[in-house]
Amino acid sequence: MATSRAVAYLESRKNIAGSACGLAGLTLTFTGVAGPYWPVVVAGLYGAGALIAPPERPALPEFPDPSAQLDELRDDFEKLRGYLTDVELSVTAATRLRELTELLAALLDRGWVAELLAHDPEGVHVLSRIVRRDLPEAVDSFVRTRWWTRMSPGTESPELHLERQLGLLKKDAEGLAAGLREGEARRQETHTRYLEDRSQQRP
């Protein structure tokens, strides 16, 4: 540990700047300017150089880029779909769940949509939140609440809560899809204006 720290300091900006100033002090010594106090001059210049050197900038931590996050999210989505196949749902809830999962599958497809999401970390976050937290929690809470409802009938149907939750999650996914579509529409409009401007500039 001590050896690695010593090596790190030798390679640091402070040591390099201090050494450069120290060499300047030695030059003054050899030319006779420093006189008998040359050790103090050299040490002082080294210290001054080390003080004025810019601080070391620690390396930024490496995090997975959105493309890598999407690959992991696809794996988690496949696990989620396997879990969902074992859940008994009403016809309405099953229909809403199917619509939601189909939309999520389209957004997680490896085609051009994934290319758009690779530049949209917030969009990846929205998908991750639905797949890894909101949708599993909605279904799991439905399963647990339904069991208690059967034990004590007469309370509000858990299926109705699940249907509402699935509808809200679908709106989130649809909002993400709409944002991606609007981005592509703006890109198309920008290209149209570029071509029009270029055409007008021709003699």
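## A walk through the helices

Start by selecting arginine 74, which lies in helix H4 (residues 66-84); helices here are DSSP runs of H or I with at least four residues, strands are E runs of at least two, and both are numbered from the N terminus. Before going on, note that this is a predicted model, in which local features need pLDDT of at least 70 and side-chain atom pairs count only at pLDDT 80 or more, while totals for chains, interfaces and linings use all residues. Residues are numbered from 1 along each chain as its sequence is written, and side-chain values use heavy atoms, with hydrogens and water left out.

Back to arginine 74: is it buried or exposed? Arginine 74 is buried, at a relative accessible area of 11% (buried is under 20%, exposed over 50%, partly exposed in between, with a 1.4 Å probe and protein chains only). Show its surroundings and, leaving aside neighbours within four places in sequence, you'll find Leu108, Asp109, Arg110 and Ala114 in contact with arginine 74 (contact means heavy atoms within 4.5 Å).

**Zoom out**

Now colour by secondary structure. The protein chain has eight helices and zero strands, so the element string from the N terminus reads α-α-α-α-α-α-α-α. Of the 203 residues in the protein chain, 26% are buried. Among contacts with a separation of 6 or more, 75% are between residues 24 or more positions apart.

**Helix H5**

Select residues 91-107 next: that's H5, with 17 residues. From first C-alpha to last, H5 reaches 24 Å, close to the 24 Å expected at 1.5 Å a residue (the expected span is 1.5 Å times one less than the number of residues). Which residues of H5 are buried? Show Ala93, Leu97, Leu100, Thr101, Leu103, Leu104 and Leu107. They sit on the same side of H5, because they cover an arc of only 160° around the axis (the arc is that of the directions from the helix axis to the C-beta atoms).

Stay in H5 and pick leucine 104. Leucine 104 is buried, with a relative accessible area of 0%. Not counting residues up to four places away in sequence, leucine 104 touches Phe77, Leu127, Ile130, Val131, Leu135 and Ala173. Draw a distance from leucine 104 to lysine 170: their C-alpha atoms are 8.8 Å apart, with the two positions 66 residues apart along the chain.

**H5 against H8**

Add helix H8 (residues 158-201) to the view; H5 packs on H8 at an angle of about 25°, with the axes 9 Å apart. Axes are lines fitted to C-alpha atoms, for helices over the stretch in contact, and angles run from 0 to 180 degrees between N-to-C directions. That makes H5 roughly parallel to H8 (under 35 degrees is roughly parallel, over 145 roughly antiparallel, 65 to 115 roughly perpendicular and the rest oblique). For the contact, show residues including Arg96, Leu100 and Leu104 of H5 and Leu166, Lys170 and Ala173 of H8.

Still on H8, click leucine 168. Leucine 168 is exposed, at a relative accessible area of 53%. Leucine 168 and leucine 100 are 68 residues apart in sequence and 9.9 Å apart C-alpha to C-alpha.

**Last stop: H7**

Finish on proline 136 in helix H7 (residues 121-151). Leaving aside neighbours within four places in sequence, proline 136 is in contact with Leu80, Tyr83, Ile130 and Val131. Proline 136 and tyrosine 83 are 53 residues apart in sequence, and 8.8 Å apart in space, C-alpha to C-alpha.
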